[in-house]
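The exercises below ask you to read a set of geometric assignments from a model and to justify each from its criterion. Work through each task before turning to its solution.

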Amino acid sequence: MSGECPVCHQKEESTSHCLIYCSEAQEVWKKTPISCLLLLQRTMTLREWWTQMKENIAQQHHGDFELNILAITCWSVWKSRNLRVFKQTNSSPNVVVESVLKLCNELQCHPQRSSSPNS
Ligand SMILES: [Zn+2]
C-alpha cells in the first residue's frame, strides 16, 4: 500500500497505520476491553506490534478472550476501512466495537473444552 491514508487523509498509509495508528483505528482500540494493554507509545511495524501485544497479554495473565479481541479488532478495523474505501460506507467506532464484542462473546460461549465440575 502507498499514498495518503483514505480514512484520515493525514498520514502515509501503511498496514500498521491503517490497523493501529490511524485516528479512526485508535478510536476503536480505545473502546475495546484491552485498551489498557495497548502499545501506542512509538510507531512499530505490524509484526512488532502484534508480537509485543501478545507478550503484553501473556505477561498480564490474560488469555484467549484478550487474544480474540486483539485479532477480531484488527480484522474489524480492516473491514471498516475497506467499506469506507470501496463502498463509501462509514461505520462509527462504536458500531465496530459492538461487532467485535458480539463476536468475542460468541466465541467465549463455546469453550473448546467443557470442564466437568468436581464432586
Ligand atoms: Zn489514517
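**Exercise 1.** Does E66 count as buried or exposed, and why?

*Solution.* Before starting, note that this is a predicted model, in which local features need pLDDT of at least 70 and side-chain atom pairs count only at pLDDT 80 or more, while totals for chains, interfaces and linings use all residues. Residues are numbered from 1 along each chain as its sequence is written.

Step one is the criterion: a residue is buried if 20 or more other C-beta atoms, placed from the backbone, lie within 10 Å of its own, exposed if 12 or fewer, and partly exposed in between. Step two is the count: E66 has 21 C-beta neighbours inside 10 Å and therefore counts as buried. Step three is the setting: E66 belongs to helix α4, where helices are DSSP runs of H or I with at least four residues, numbered from the N terminus. Leaving aside neighbours within four places in sequence, E66 is in contact (C-beta atoms, placed from the backbone, within 7 Å) with I34, L37 and I57. For I34, which is 32 residues away along the chain, the C-alpha separation from E66 is 6.5 Å.

**Exercise 2.** Apply the burial criterion to H61, Q88 and K79, and place each residue in the fold.

*Solution.* H61, found in the loop between α3 and α4, has 7 C-beta neighbours inside 10 Å and so counts as exposed. Q88, in the loop between α4 and α5, is exposed, with 7 other C-beta atoms within 10 Å. Turning to the backbone, H61 has a positive phi of about 60 degrees although it is not a glycine, and Q88, not a glycine either, has a positive phi of about 55 degrees. K79 lies in helix α4 and, with 13 C-beta neighbours inside 10 Å, counts as partly exposed; its C-alpha atom is 9.8 Å from that of S91, 12 residues apart in sequence.

**Exercise 3.** How do the axes of α4 and α5 cross, and which residues meet there?

*Solution.* First, fit the axes, which are lines through C-alpha atoms over the stretch in contact, with angles running from 0 to 180 degrees between N-to-C directions. The axes of α4 (residues 64–87) and α5 (residues 93–108) come within 9 Å and cross at roughly 140 degrees. Second, classify the angle: under 35 degrees is roughly parallel, over 145 roughly antiparallel, 65 to 115 roughly perpendicular, and the rest oblique. The two helices, α4 and α5, are therefore oblique to each other. Third, list the contact: F65, N68, I69, I72, T73, S76, V77 and S80 in α4 meet V96, S99, V100, L103, C104, L107 and Q108 in α5. The residues of this contact divide into nine nonpolar (Ala, Val, Leu, Ile, Met, Phe, Trp, Tyr, Cys and Pro), six polar (those in neither of the other classes, Gly among them) and no charged (Asp, Glu, Lys and Arg).

**Exercise 4.** Which residues touch the most other members of the largest nonpolar core?

*Solution.* A nonpolar core is a set of buried Ala, Val, Leu, Ile, Met, Phe, Trp, Tyr and Cys residues joined through C-beta atoms within 7 Å. Of the 19 residues in the largest one, L19, A25, V28 and V77 touch the most other members. Helices α1 (15–21), α2 (23–30), α3 (46–59), α4 and α5 each supply at least two residues of this core. L19 touches A25, L46, C74, V77 and W78, not counting residues up to four places away in sequence.

Key. Two residues are in contact if their C-beta atoms, placed from the backbone, lie within 7 Å.
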